[in-house]
Amino acid sequence: MSEPRFENLRLELRRGCLVLAVLAQLRTEHYGYALRKSLEDAGLDIDENTLYPLLRRLESQGLLLSTWREEEKRNKRFYRLSPDGEVILAQLLDEWLRMNDSIARITEIGVPAS
Amino acid sequence: MNTNMIDRYLHTVRFWLPDNGNADDIIAELREDLMSQIDGRDLSDDDLAALLKRRGEPSFVASQFGQHKPLIAAEWMPIYWFVVQLVVLRILVPVFVLLIGPIEWLQTKGDANAVSFILRELGNLFVAQIFAAGAITTVFALLQRTPFRVNWDPRKLPPVPTRPARGSRQSKGSLIVEMVAGVIGSCVWIAILRSPEMASITIATVRLEIAPMWLHYIWPILVLTLASVMLNWFLLAWPMRLEYGPWLRVAIDAANLAILCAILLHGPPWIEASVAAIENVINASMTLGFIVAILVSSWELMLKIRTNLRSGLHAPTLS
């Protein structure tokens, strides 16, 4: 009974985090598949149907730059953070740290002093 | 490896992609991702099918790239749904059941088969509901795509309605009975307006018909009857929203009383008969009936006003 509810809330929570993770990971250039693998290695699974539309959206917002280039005899689209993206990433990271700090303080309120 | 299945898969995804000039680019990237996943392995058809199935149904994959604006945005949904329900259920259904249906039935002069008539009217109601829902959806879809936004002000929000006290409320049963009686009465008045000969009757050798003076009173009576039907309908549908419902009832009853007085003052004959003696008896009885009705109505009106005042219902004021 609680599983679908948890799953919905988990997805909601992940949505914003994924943007942050993708932007942070693209401080160095990656193509789609490699980016997905690197996020997976860092413990953040993201499926292709989420990643590629997200990359397109972030690029259309001017936060990413992309270019097609041949690597290992195949054409691949490489993404990296744009100058605007760097600014936004810094702001988002700051926001993330503040939220993290707030959540930590809020949840600590309920913990009895030992 | 046979890449035919990948080609067909990507072709179908391409079909569903929004046509914004990026489709080929997206497909090339998806192809590259699939090839990276396969990574030179020689997959069997089953393995490849499983991989594509995991990837998702083509139209779903394509839909993720679209930035579709919903037809009705979430913030418009409450008012949209309210209007659809209001028009489709609370207006069209009673209008068809209480007004259009009876009028069309009268027009058939009872010649139509009742079952086929009801089925035809239900069909008309259904078509009207679908049309109304479609029209409302179109209007809202267009409205939310314009810069129009409601400039709301907390100071202009409507007051919280106070529920009328128990004494000033009518039971649902009496509201329904009054409403049905009002509809039947209205149909009779409309029928008389359409064909005045319907208002005559011959009993044995005596012919009775309503006097011409009634033609002056039919319209006010009809308007008041329909106003009463509508008021009852609103009181049934939105008992909390019609704050001044009991006072509207008093106003309608007062107007009815005024018409009764006017008819009495107009004087007989109200019914004309081919036999003078019978005409005199009927009109004398009616005079007495009108006097009693006026006395009873006045008393009831007074009681209603007193109940409304005691239950703290202030009369509506113009502002």
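Trainee: How many residues does each chain bring to the contact between chain B and chain A?

Mentor: Chain B brings 17 residues and chain A brings 15. This is a predicted model.

Trainee: What area do chain B and chain A bury between them?

Mentor: About 1500 Å², with 48% of it on carbon and sulfur atoms. That value is the accessible area lost on putting the two together, summed over both. On the chain B side, B:D25, B:E29 and B:E32 lose the most, together 36% of what that side buries.

Trainee: Why is the pair A:R77 and B:D25 called a salt bridge?

Mentor: The cut-off is 4 Å between a side-chain nitrogen of Lys or Arg and a carboxyl oxygen of Asp or Glu. The side chains of A:R77 and B:D25 meet at 2.0 Å, N to O. The pair therefore qualifies. The rule finds 5 salt bridges across this interface. It also finds 10 residue pairs in polar contact there.

Trainee: Which helix of chain B gives the most to the side that touches chain A?

Mentor: Helix 2, with 10 residues. By class, that side has 7 nonpolar, 5 polar and 5 charged residues.

Trainee: What makes A:V22 and B:V13 members of one nonpolar core?

Mentor: Membership requires a buried residue of a listed type, joined through side-chain atoms within 4.5 Å. A:V22 and B:V13 belong to the largest such core, of 42 residues, and are among those touching the most other members. Both chains contribute, through elements including helix 1 of chain A and helix 1 of chain B. Another core, of 32 residues, lies apart from it and includes B:I190 and B:F290.

Technical notes. Residues are numbered from 1 along each chain as its sequence is written. Chains are lettered from A and ligands numbered from 1 in the order in which they are written. This is a predicted model: local features need pLDDT of at least 70, side-chain atom pairs count only at pLDDT 80 or more; totals for chains, interfaces and linings use all residues. Side-chain values use heavy atoms; hydrogens and water are left out. Buried means under 20% relative accessible area, exposed over 50%, partly exposed in between (1.4 Å probe, protein chains only). Helices (H or I, at least four residues) and strands (E, at least two) are DSSP runs, numbered from the N terminus. Contact means heavy atoms within 4.5 Å. Buried area is the accessible area (1.4 Å probe) that two parts lose on being put together, summed over both. A polar contact is a pair of N or O atoms within 3.5 Å; within protein, one must be able to donate a hydrogen and the other to accept it, and residues adjacent in sequence count only if both atoms are side-chain atoms. Ala, Val, Leu, Ile, Met, Phe, Trp, Tyr, Cys and Pro count as nonpolar, Asp, Glu, Lys and Arg as charged, and the others, Gly among them, as polar.
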